Amino acid sequence: MRRGRWLGLCCAALLLGALRGAGRQDPGGKNVLFIVVDDLRPTLGCYGDNLVKSPNIDQLASQSVVFQNAYAQQAVCAPSRVSFLTGRRPDTTRLYDFYSYWRVHAGNYSTLPQYFKENGYTTMSVGKVFHPGISSNYNDDYPYSWSIPPFHPSTEKYENTKTCKGKDGQLHANLVCPVDVAEVPEGTLPDIQSTEEAIRLLNIMKRKKQKFFLAVGYHKPHIPLRYPQEFLKLYPLENITLAPDPWVPEELPPVAYNPWTDIREREDVQALNISFPYGPIPEDFQRLIRQSYFAAVSYLDMQVGLLLNALDDLKLSRNTIVVFTADHGWSLGEHGEWAKYSNFDVATQVPLMFYVPGKTSSFANPGGRKFPYLDPFTHVSNLIPQGQTKKIVELVSLFPTLAELAGLLIPALCPETSFDVALCSEGESIVRYFVSMEEKVDCGGDDSDYYQDDQKEPIAFCQYPRPADTPQWNSDKPRLKDIKIMGYSMRTVDYRYTVWVGFNPNNFKANFQDIHAGELYMVGTDPGQDHNIYNNSLHSNFVKKILEFLRR
């Protein structure tokens, strides 16, 4: 018997017990399906990408409010996930690496699923939701956050092993890794297993008529780029272009650059003998990476389509909120970088969409399906998102937003110091940007047609730590004790401003009198953020804004 199926059976008794104890939820409330993807930038049809085949995610977008400028708080897995699942920023979770558990290291903060659990929901985790390991206490924060033990695919353990067939016919631990699924260990892949388990849980929830919060975390397109090889057919190599700015900008301060060391550790990249820290990767291999990233996105889209199709089959799409997002983005050669680990938009920007039955999508056709499965190999997507906004939003706002959408009490904004406050949020609900279907106008309008005006200038803050002023082998993922510099960045509709300042890892204090470097990009004229005008501008006002934010 497969390990994943065995775990599912072992959890059955626990799940039934959780169902019996969770009956106090208002039957009029909505379920939540929370889909979080690893390393997914907004490279999707619904975000205007004309190459990538993502019909199922596009279909979800066509029934959703889509945020075009959503940003993570730190472009690396564990800190980002702990941030949006607790509603606290990295300086409050005090997690900048992978090696501490916030409940003992910073404060005993409530989490998003914990809050739903305490309000009568059965909460379930499938795949990578929290980052596994120390940062979630080796148990994905169970039992605080989840009603039953979280599910992890049994094939996860093969992700970084030698399962990639090379040109020599041998198996390698490669970056670029299309596979014949029938030939890999256990004959399946982690995201396939996660979809199967999520559908199994949906069936149980339907049968028991229980309110649920189901979080499904997909691995791809996280490296290695390991996916069913048939998806390569969607992206002929001759159609793959390079990044529009595949060079390291002349004005980029060395502290801002990430040297993509995890990419360098893969066998196929090692064979290229690329110089450290700036490379570059040969152009033909750049195309292979981009091709496989896009193929992995389409493989992901298939899994999302199967999951949403099951939601439809069970007639749960009429009373289930669906949220789709990612923990951060990923560089595909922009600025000469590969991976995340920076404050650029390509690393911090994520897709974010909310499907809310009756609010973002009407019931004009009661008998119709919302999310029929669309085959990415045959379907040509021409679906338009129901509502789009360029408002700047942050993932730290997910907690209060979902609470409001579900009709729960919205957690209060955190006080200036909140280490001893269990339930509060450092992000604000963004439901104020939603309007009902009846108030919407033609999709050609601007944001003001769809959304209420906000009195404050929307700003997204993120940060990234570095061990030194120049790229080191641990620059991408420095441990807390090695952090000497913190890059604080704010993104508005007009600009991205970043200041790199001294940081003391012993007391978690940033010294804004100790400025090491700065970046300023005017995104209207420089959307790729390639021309740093920090040294040409007066920017005391920008520093003042960051300081005001940090003092909140």
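This is a working chat about one predicted model, covering its confidence, sheets, a helix, a buried residue and a cavity.

Trainee: What does the chain average in pLDDT?
Mentor: The average is 90. Of the residues, 88% score at least 70. Remember that this is a predicted model.

Trainee: And residues 1–27, how many contacts do they have beyond near neighbours in sequence?
Mentor: The model has 44 such contacts for that stretch. The pLDDT there is below 50.

Trainee: Where else does pLDDT stay under 50?
Mentor: Over residues 436–454. The model shows 46 contacts for them beyond four places in sequence.

Trainee: On to sheets. What is the strand order in the one with 7 strands?
Mentor: S3-S7-S1-S9-S12-S2-S13. The sheet is open and its pairing is mixed.

Trainee: Which strands stand at the edges there?
Mentor: Strand S3 (122–127) and strand S13 (387–394). Each has a single partner strand, so one side of each lacks a neighbour in the sheet. From one strand to the next, the twist averages 15°.

Trainee: How do S9 and S12 pair?
Mentor: Strand S9 (residues 320–326) and strand S12 (residues 349–355) are antiparallel, over 4 bridges. Val323 has Phe354 in S12 as its bridge partner.

Trainee: What lies across S3 and S7?
Mentor: Helix H8 (residues 190–208). H8 runs at about 170° to S7, which covers 212–218.

Trainee: Thr325 caught my eye. Where is its place?
Mentor: In strand S9.

Trainee: Is Thr325 buried or exposed?
Mentor: Buried. Its relative accessibility is 0%, and the cut-off for buried is under 20%.

Trainee: What does Thr325 touch, leaving out residues up to four places away in sequence?
Mentor: Phe34, Ile35, Val36, Val37, Val350, Pro351, Leu352, Leu395 and Leu398. Take Val36: it is 289 residues from Thr325 along the chain, yet their C-alpha atoms are separated by 5.0 Å.

Trainee: Change of topic. How many residues of H4 are buried?
Mentor: 10 of its 10, over residues 77–86. Among them are Arg81, Val82, Phe84 and Leu85.

Trainee: What covers them?
Mentor: The cover includes strand S1 (31–37) and helices H5 (90–93), H6 (102–105), H7 (112–118) and H13 (398–405).

Trainee: And what comes just after H4?
Mentor: Gly87, with a positive phi of about 75°.

Trainee: Now the sheet with 4 strands. What is its order?
Mentor: S14-S15-S16-S17, open and antiparallel. S14 (460–466) and S17 (509–522) are the edge strands. Each has a single partner strand, so one side of each is left without a neighbour in the sheet. Neighbouring strands are turned by 20° against each other on average, direction ignored.

Trainee: How many bridges join S14 to S15?
Mentor: 7, with S15 spanning residues 485–491. One to look up: Gln463 has Tyr488 in S15 as its bridge partner.

Trainee: Last topic, cavities. How many are there of 30 Å³ or more?
Mentor: 2 cavities. The second largest holds about 40 Å³ of space.

Trainee: Which residues line that second largest cavity?
Mentor: Ala256, Ser342, Asn343, Phe344, Arg496, Thr498, Trp500, Glu519 and Tyr521.

Trainee: Which strand gives the most to the lining?
Mentor: S16, with 3 residues. S16 (495–504) and S17 each supply at least two residues of that lining.

Key. Residues numbered from 1 in each chain as written. Predicted model: local features only at pLDDT ≥ 70, side-chain atom pairs only at ≥ 80, totals over all residues. Heavy atoms only, no water. Pairing = 2+ DSSP bridges. Axes fitted to C-alpha atoms, helices over the stretch in contact; angles between N-to-C directions. pLDDT = per-residue confidence, 0-100. Contact = heavy atoms within 4.5 Å. Buried < 20%, exposed > 50% of the residue type's maximum accessible area, 1.4 Å probe, protein only. 1 Å grid on protein atoms, 1.4 Å probe; cavity = no way out; pocket = protein on both sides within 12 Å on 5 of 7 lines; lining within 4 Å. Points joined across faces, edges and corners; volume = space filled by probe spheres on them.
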